[in-house]
Amino acid sequence: QVQLVESGGGVVQAGDSLRLSCAASERTFRPYAMGWFRQAPGKEREFVASIRGVTSSTVYTDSVKGRFTISRDSAKNTVYLQMNSLKPEDTAVYYCAARVVSISQYDYWGQGTQVTVSS
């Protein structure tokens, strides 16, 4: 059973940067894709960014394009989300997820890390 552990969240001011990390517990971890999602209070969880396992192609939701960058270090089984120019509306719990068994659905999730951006 793969475990995903996020870290790097915190409280920052608008305009600041944070880098989230998501480490997988298994060294043989080879997901189809990894993604970051977020859920703000009172809102549904939303997709933020993803990166494919083979091609490393990336996808972003419109609201973070140009500000967030997803990347991965396969040797460390770790995926990162570099978040720049943070805005108060980026405040949420950020979750890491992986497509391991299913090509189309995320079937492993981390426990989440809180990001709070003050104005």
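Two residues are in contact when heavy atoms lie within 4.5 Å. By that rule, S102 touches Y32 and D107, leaving aside its neighbours within four places in sequence. The model is predicted: local features need pLDDT of at least 70, side-chain atom pairs count only at pLDDT 80 or more, and totals for chains, interfaces and linings use all residues. Residues are numbered from 1 along each chain as its sequence is written, and side-chain values use heavy atoms, with hydrogens and water left out.

**Around S102**

- S102 sits in the loop between β9 and β10 (108-109). Strands are DSSP runs (E, at least two residues), numbered from the N terminus.
- The side chain of S102 reaches the backbone nitrogen of Q105 at 2.9 Å. A polar atom of that side chain also lies 3.2 Å from the backbone nitrogen of S104.
- S102 and G112 are ten residues apart in sequence. In space, C-alpha to C-alpha, S102 and G112 are 21 Å apart.

**Salt bridges**

- Side chains of opposite charge can pair when their charged atoms come close.
- The whole structure holds four salt bridges (a side-chain nitrogen of Lys or Arg within 4 Å of a carboxyl oxygen of Asp or Glu).
- One of them joins E46 and R38 at 2.6 Å, N to O. R38 is buried, because its relative accessible area is 5% and buried means under 20% (1.4 Å probe, protein chains only). E46 is partly exposed at 33%, since that class lies between buried and exposed, which is over 50%.
- Another joins K65 and D62 at 3.0 Å, N to O. D62 is exposed, with a relative accessible area of 60%.
- R67 and D90 also pair, at 2.8 Å, N to O. This pair links distant parts of the chain, 23 residues apart. R67 is in the loop between β6 (58-60) and β7, and D90 is in the loop between β8 and β9 (92-99).
- D90 is buried, at 0% relative accessibility. Salt bridges that share partners join R38, E46, R67 and D90 into one network.

**Around R67**

- R67 counts as buried, at 10% relative accessibility.
- The side chain of R67 reaches the backbone oxygen of S85 at 3.0 Å.
- Leaving aside its neighbours within four places in sequence, R67 is in contact with Q82, M83, N84, S85, L86, K87 and D90.

**Pockets**

- A pocket is an open set of points on a 1 Å grid over the protein atoms alone, where a 1.4 Å probe fits, with protein on both sides within 12 Å along at least five of seven lines. Lining residues have an atom within 4 Å of a point.
- The largest pocket has a volume (the space filled by probe spheres set on the points) of about 190 Å³.
- Its lining has 16 residues, and F29, P31, R72, S74 and N77 lie nearest the centre. The elements giving two or more residues to this lining are β3 (18-24), β4 (33-39), β5 (46-52), β7 (68-73) and β8 (78-83).
- By class, the lining of the largest pocket has eight nonpolar, four polar and four charged residues.
- The second largest pocket has a volume of about 150 Å³. Its lining is R38, Q39, A40, K43, E44, E46, E89, T91 and A92.
- Five residues of that second lining are charged, two are polar and two are nonpolar. R38 and E46, both in this lining, are also salt-bridge partners.

Key
Helix = DSSP H or I, 4+ residues; strand = E, 2+ residues; numbered from the N terminus. Nonpolar A, V, L, I, M, F, W, Y, C, P; charged D, E, K, R; others polar. Polar contact = N/O pair within 3.5 Å; in protein donor to acceptor, adjacent residues only side chain to side chain.
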